[in-house]
Amino acid sequence: MTTITNVRSILTAPAGIALVIVKVDTDDPGLFGVGCATFTQRPTLVAQAVDEYLAPLLAGRDPANIEDLWHLMYVNSYWRNGPVLNNAISGVDMALWDIKGKVAGMPVYDLFGGKAREAAMVYRHADGGEPGEVLEAVQRYQEEGHLAVRCQMGGYGAGKADESTGATASSPDGGAFPGVYYDPDRYARSVVELFDHVRAHVGDELFLLHDVHERLAPIDAIRLARALEPHRLFFLEDPLPPEQIEWFRKLRSQSVTPIAMGELHNHPLEWRSLITEQLIDFIRTHISQIGGLTPARKLAALGEAFGVRTAWHGPGDVSPVGHAANLHLDLAAHNFGIQEVIGFPEPLAEVFPGTPELRDGYLWANDQPGLGIDIDEELAAKYPIQLAPIQWTQARWPDGTLWTP
Ligand code: GCO
Ligand code: MG
């Protein structure tokens with residue numbers, strides 16, 4: 001029997017974003033796996049959970065028994081379902097799937113049943129301070145052959161001194177609480193103007209998306225979903241925070257704009273009723289936030305039964321290892337919808353040999369056994385992570401009220 005000899009975390013920030021990778025070694029020479037455990041806002045806590053708690057728990061066990069080991073890690077802390085522990089579990093879980101693929105001589109998508117498509121359609125991010133600027137970015141992606149683009153003005157309605165969204169970098173009068181201020185009312189109106197402009201110029205073929213990033217009061221999110229109906233969005237993302245789950249019923253009864261939700265989910269009960277009551281169209285959990293590929297496969301299957309498609313979270317704070325994991329599931333799941341991707345600028349792809357390839361509006365896997373990706377640890381060490389209080393999550397409304405960022 002092959003056994004696990006070591007489990008350890010690796011912290012690196014090749015693109016300036018802290019990433020957490022987990023490596024699982026075995027006593028079979030050359031057989032190891034890698035997984036993504038990135039919780040970029042609290043990376044060292046995840047590393048500690050991996051190195052001090054999961055490593056001793058798993059040493060000497062058989063890496064083949066993924067289902068059992070997943071549940072062992074899940075219940076071993078007794079209290080469970082938080083972002084730190086879920087990410088730690090994910091790092092190990094993805095590495096175990098990587099190992100299983102290598103042992104079988106198959107890519108992970110083959111372990112999941114084989115390809116349902118050759119590559120995964122992606123969407124890219126077009127950002128700008130005003131509609132013209134966003135449109136230019138959209139058109140650049142269109143020229144590159146992309147089929148879907150997310151349009152945002154001033155980030156998520158803040159983060160940038162920007163007339164149209166009412167966002168300023170600090171308190172408006174210098175006397176209020178420090179934070180990143182934005183005006184939800186101006187933001188909501190500006191989104192409608194943005195899509196009026198972009199849709200008029202790009203025609204009907206391009207898929208357009210938008211992320212509300214839980215920045216509105218629930219009823220204002222419903223109004224926005226209705227106002228955007230003429231622009232036939234591919235989806236409107238995170239119109240409501242997970243804490244307001246019951247509002248999805250009201251949203252659904254009022255609007256036919258397709259809804260995507262899930263990147264903030266940690267606990268299975270956060271998505272269950274959204275799917276079984278068909279209140280959303282796309283489930284887009286951050287796979288490492290829910291504990292890795294093992295729960296994500298089951299979530300995809302649950303979605304399929306209820307007509308909900310997948311759109312796994314794929315920002316810059318998912319490592320290339322996490323993107324590879326997303327992609328293997330994208331390729332195998334019948335109910336795949338779309339994949340978010342930021343791109344892999346150097347030195348990211350160098351630090352992670354085997355990083356999926358972005359081409360013609362699709363993401364392509366390299367068909368190697370396992371996840372098909374590795375980490376160059378020597379190179380990774382050249383990009384240490386930096387810890388500092390996070391500013392962008394200190395979002396405030398004009399009267400100073402702190403809101404979900
Ligand atoms: C998205 C997201 C992200 C998050 C980020 C938080 O891509 O849809 O909302 O950009 O803000 O992952 O760290
Ligand atoms: Mg989002």
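Strands here are DSSP runs of at least two residues and helices are runs of at least four, both numbered from the N terminus. With that in mind, and remembering that this is a predicted model, select alanine 18, which lies in the loop between strand 1 (4–12) and strand 2 (19–26). Alanine 18 counts as buried because its relative accessibility is 9%, and buried means under 20% relative accessible area. Add tryptophan 70 to the selection and draw a distance between the two C-alpha atoms: the residues are 52 apart along the chain, and the C-alpha atoms are separated by 25 Å.

**The magnesium ion**

Next, select the magnesium ion (ligand 2) together with its protein donors, which are Asp211 (OD), Glu237 (OE) and Glu263 (OE), lying 1.9 to 2.2 Å from the ion. If you mark these donor residues along the sequence, their spacing reads D-x25-E-x25-E. Aspartate 211 belongs to strand 7 (residues 207–211), whereas glutamate 263 sits in the loop between strand 9 (259–261) and helix 10 (269–276), so the pair ties together parts of the chain that are 52 residues apart in sequence. Both aspartate 211 and glutamate 263 are buried.

**Ligand 1 and its shell**

Now move the selection to ligand 1, which is surrounded by 14 residues, the closest being Tyr156, His213, Glu263, Asp317 and Glu340. Glu263 therefore deserves a second look, since it is among the closest residues to ligand 1 and also a donor of the magnesium ion, with its place in the chain being the loop between strand 9 and helix 10. By residue type, the shell around ligand 1 divides into three nonpolar, four polar and seven charged residues.

Display the side chains of glutamine 41, histidine 213 and arginine 284 in turn. An N or O atom in the side chain of glutamine 41 is 2.9 Å from an oxygen atom of ligand 1; for histidine 213 the corresponding distance to a ligand oxygen is 2.8 Å, and for arginine 284 it is 3.0 Å. Taken alone, ligand 1 exposes 340 Å², and the protein buries 88% of that area.

**Histidine 213 and glutamate 214**

Stay with histidine 213 and look at its backbone, in the loop between strand 7 and helix 8 (218–227). Most residues other than glycine have a negative phi, and most peptide bonds are trans. Histidine 213 has a positive phi of about 55° although it is not a glycine, and glutamate 214 likewise has a positive phi, near 50°. Glutamate 214 lies in the loop between strand 7 and helix 8. Histidine 213 counts as buried because its relative accessibility is 8%, and glutamate 214 counts as buried because its value is 6%.

**Histidine 125 and its partners**

Select histidine 125 in strand 4 (residues 120–128), which counts as buried because its relative accessibility is 15%. Which side chains does histidine 125 contact? One polar contact, of 3.3 Å, joins its side chain to that of arginine 150, and another, of 2.7 Å, joins it to the side chain of glutamate 340. Glutamate 340 is also one of the closest residues to ligand 1.

**From glycine 307 to helix 12**

Continue to glycine 307, in the loop between helix 11 (293–306) and strand 11 (309–310). Glycine 307 counts as exposed because its relative accessibility is 59%, and exposed means over 50%. Its C-alpha atom and that of threonine 276, 31 residues apart along the chain, are separated by 9.3 Å.

Farther along, select valine 318, in the loop between strand 11 and helix 12. Valine 318 is buried, with a relative accessible area of 6%. Its C-alpha atom and that of aspartate 27 are separated by 29 Å, with their positions 291 residues apart along the chain.

Then select helix 12 (residues 320–332), whose 13 residues reach 18 Å from the first C-alpha to the last, close to the 18 Å expected at 1.5 Å a residue. Helix 12 is mostly covered, with 13 of its 13 residues buried.

**A cis peptide bond**

For the last stop, select glutamate 346 and proline 347, which are joined by a cis peptide bond with omega at about 10°. Proline 347 is found in the loop between strand 12 (339–340) and helix 13 (348–351).

Key
Residues numbered from 1 in each chain as written. Chains lettered and ligands numbered in written order. Predicted model: local features only at pLDDT ≥ 70, side-chain atom pairs only at ≥ 80, totals over all residues. Heavy atoms only, no water. Expected span 1.5 Å × (residues − 1). Buried < 20%, exposed > 50% of the residue type's maximum accessible area, 1.4 Å probe, protein only. Donors = N, O, S within 2.8 Å, 3.2 Å for Na, K, Ca; no water. Near = heavy atom within 4 Å. Polar contact = N/O pair within 3.5 Å; in protein donor to acceptor, adjacent residues only side chain to side chain. Areas by Shrake-Rupley, 256 points an atom, 1.4 Å probe, with all protein chains shown as cover. Nonpolar A, V, L, I, M, F, W, Y, C, P; charged D, E, K, R; others polar.
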